[in-house]
Amino acid sequence: MDSTSITVTADSPLVEFFDEVLPDGTVVSRGPEVVFLGKGTQVRWGNALARLGVCLDRDRMIWRAHNGDWFFVSTAADEYRGNVAVLAGDQSLQLIGRADPEAADDSGTTHSIRWDAITRVGIVSAPTGSPGCA
Amino acid sequence: MPTALYCVLCDRVEAQDSNLVRLNISGLLARVRPTVSPPFPLTCNDFRVFLLLTDLERFLKLSVRVVEAATGSVVHVTRQVPISSPGDPRQLMPVAFRIHQCRLPAEGLYWVECLNEGTVFVRQRLYAEA
C-alpha cells in the first residue's frame, strides 16, 4: 500500500461509522445511529439526545418520547419535563408536554429553553425506570 | 448536495489528544496489492473513507459503496447514516466510514463512491494490482 500522512483541522470532532462483517457473514452496524454535525450547544445537545436513543423525525427537527417516557432538560436554575422536543432554531429548544406525543397539533405546555443555558438532558423511563442522562 | 473538500482513502484517522478537531490522516491509500496466491479475489480487511464536508444540507443520508469500474458491479456497500446539520452549512465537517473486508474480485480500477440519499456526490479511485 502507498502510505503517507496529512493533518487537517475541521470545525467539529470526527464521526466514524463502520459495518462489521461477523464470521458467519452477518453485518453489524457500528457507530451512532443519528448524528448532528457542527459546533455549538444545539449540536452538542442534539447529539446527547441522539445517544440516548431519542428519535428524530425526518422532516422537522422534532424528538418524540415513546412508551410513556419523558425528557428532562436542566438549566442552572430549573428542570423542565416534556415528551416532545423541538429544535426551534439555532438559539433555543422547545420542550412540550403533550397528552399524545405523536399528535401533530399545538397542544400542551411549552417551555422555550436556550441551548446555551442547558446543563443536562435525559430521559425518564416510564414508569419506574431510572433516568438516563448526558 | 454536500461538497467534499477532501475524499481520502486511508488506513487511519485520529484526533490529536490536545485538539479534537485537528485530525491526523495516515496511510493514504491509492493502490492495493495482494500478498497471497492466487492474487484475486483480494480482501481489503480494513481501510477508511475520510470526508471533509461543507455546503451541508440540513438533513443528509450518507453511505459509501465500492464499484468495480470494468463491470459496474457494486462489491461493497455500507448502511445509510442519517445526519442532521442544524448549524452553519459552511462549517467543515469530518466524517469517516470504516470499510471492513471489502472483497475485490479482480485486478483493475475500483470507484469508492460517497452518496447522499442514494446519489453519488464524490468518488475516489482505488487501484487493485497484482
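Two strands pair if DSSP finds at least two bridges between them. Please keep in mind that the model you are looking at is predicted.

With that in hand, let us start at β5(B). This strand pairs with β6 of chain B (residues 74–77) in the antiparallel sense, over 3 bridges. Within that pair, V66(B) sits opposite H76(B). The hairpin that the two strands form has 5 residues between them, and G72(B) takes a positive phi near 80 degrees there. β5(B) has further antiparallel partners, β7(B) and β9(B), and the table gathers these pairings.

| Strand pair | Bridges | Sense |
|---|---|---|
| β5(B) and β6(B) | 3 bridges | antiparallel |
| β5(B) and β7(B) | 4 bridges | antiparallel |
| β5(B) and β9(B) | 7 bridges | antiparallel |

If you would like residues to click on, K61(B) faces P82(B) of β7(B), while S63(B) has L115(B) of β9(B) as its bridge partner.

Now for the interior. The largest nonpolar core holds 39 residues, and the members touching the most others are L9(B), C10(B), V49(B) and F50(B). Strands of chain B that each give at least two residues to this core include β1 (3–16), β4 (42–54) and β5 (59–68). β4(B) provides the largest share, 8 residues. Beyond its neighbours within four places in sequence, C10(B) has contacts that include I25(B), L28(B), F47(B) and F50(B). There is also a second, separate core of 17 residues, with F71(A), V84(A), L93(A) and I113(A) among them.

Chain A, finally, has 1 helix and 12 strands. Of its 134 residues, 28% are buried.

Notes
Residues numbered from 1 in each chain as written. Chains lettered and ligands numbered in written order. Predicted model: local features only at pLDDT ≥ 70, side-chain atom pairs only at ≥ 80, totals over all residues. Core = buried A, V, L, I, M, F, W, Y, C linked by C-beta atoms within 7 Å. Buried ≥ 20, exposed ≤ 12 C-beta atoms within 10 Å, placed from the backbone. Contact = placed C-beta atoms within 7 Å.
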